[in-house]
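Me: Please take a close look at one helix in this model and at what surrounds it in the chain. I would like one connected account.

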Amino acid sequence: MEKTAFVFAGGGSLGAIQVGMLRELVASGLTPDLVIGASAGAINGAYFACNPGRDGAARLEQLWRTIRRTEIMPWSWRSVLGMLGGSRGYLVDAYGLRTLLSRNFGDARLESSTLPLHVVATDMQSGAEVLLSSGAIVDAVLASAAIPGVFPPVQFEGRTLIDGGVANNTPVSTAVRLGATRVIVLPAGFTCSERRPPRGALEHAFNALSLLVARQLVHDLQHWSSHAHISVVPPLCPLDISPYDYSRCGELIDRAASTTALWLSHDGLESRNVPGALQPHTHDAESPSCSADMAPPRPPQASPGAEHHL
């Protein structure tokens, strides 16, 4: 019996991309059997698991279209200087994000969501992936989205947790371990070779992290493709929007909805290919976008000493 999982990746404000993808997936009549999210993807995954269907996707879209960075990351020069001065190890308190989450989830619990919901966080001490399947949704999502250096760690049932993206930004492996035979991945954004050089410390950090995340995702797709039918909704490419810029979420939603609709019309759900945006690529004047370009998966190549566990 087929068991379908939606996997929502991390990506800060680029999580808006997933909302456009989700809108078209739901409109096509697709409903998952379980939902898994990490970091910003945990917010989207939790909201959809609690409010599945077109109405839930529409309300999530409205949330993203109206959100502002100051609601989630109200940093100032005082907070930056405080962190650099060593008075605390993070940039902003999570009060704004907690308020937003509480407004949408209240006292709801992971195990009570309409669709089975799992949130990925990271153990701050060991770096191990921590799968949260029960407990308060607000606390679980806060832990999964606790970007190191930006938000403080979160205490959750006796463990100190940070951003799930540190351990597993796109938890395809987690979906397979939970019994999914079909995995639909909703990525956020990735660095493109045609993107302008990064500016400032935050963009340089995101650039490096994005390269790492894309490489790990390709590796996971290759490794786990023999265990489940994995389809990746093509990410937007080229993409030149900071994951800390919440002023262009509407634009991201519209672009992602358009490319996802095109992908679906070309039987994208039946594809097992790795999107071209995740592979080394170039653009030319006649074909500026690679979001619909599909490259065949490469044969799995195990790293020296690497071990894989199901």
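Reply: What follows deals with helix α11, the loop before it and the residue after it, and then turns to other backbone exceptions and a helix pair. The model is predicted. Helix α11 covers residues 249–265, 17 in number. From the first C-alpha to the last, α11 reaches 24 Å, close to the 24 Å expected at 1.5 Å a residue.

Its buried residues are Cys-249, Gly-250, Leu-252, Ile-253, Ala-256, Ala-257, Thr-260, Trp-263 and Leu-264. These cover an arc of only 150 degrees around the axis, so they sit on the same side of α11. In an α-helix, residues three or four places apart point the same way, because there are 3.6 residues a turn.

Most peptide bonds are trans, and most residues other than glycine have a negative phi. In the loop between β8 (229–232) and α11 lies Pro-238, joined to Cys-237 by a cis peptide bond with omega of about 0 degrees. Just after α11, Asp-267 has a positive phi of about 60 degrees.

Elsewhere, Ser-39 also has a positive phi, about 55 degrees; Ser-39 is in the loop between β2 (34–38) and α2 and is buried, at 7% relative accessible area. For Glu-157 phi is about 50 degrees, and Glu-157 is exposed, at 60% relative accessibility.

Helix α2 (residues 40–50) packs with α7 (residues 137–144) at about 155 degrees, the axes being 9 Å apart. The two helices are therefore roughly antiparallel. Ala-42, Ile-43, Ala-46 and Cys-50 of α2 make the contact with Ile-137, Val-141 and Ser-144 of α7; six of these residues are nonpolar, one is polar and none is charged.

Notes. Residues are numbered from 1 along each chain as its sequence is written. This is a predicted model: local features need pLDDT of at least 70, side-chain atom pairs count only at pLDDT 80 or more; totals for chains, interfaces and linings use all residues. Side-chain values use heavy atoms; hydrogens and water are left out. Axes are lines fitted to C-alpha atoms, for helices over the stretch in contact, and angles run from 0 to 180 degrees between N-to-C directions. Helices (H or I, at least four residues) and strands (E, at least two) are DSSP runs, numbered from the N terminus. Angles under 35 degrees count as roughly parallel, over 145 as roughly antiparallel, 65 to 115 as roughly perpendicular and the rest as oblique. Contact means heavy atoms within 4.5 Å. Ala, Val, Leu, Ile, Met, Phe, Trp, Tyr, Cys and Pro count as nonpolar, Asp, Glu, Lys and Arg as charged, and the others, Gly among them, as polar. The expected span of a helix is 1.5 Å times one less than its number of residues. Buried means under 20% relative accessible area, exposed over 50%, partly exposed in between (1.4 Å probe, protein chains only). The arc is that of the directions from the helix axis to the C-beta atoms.
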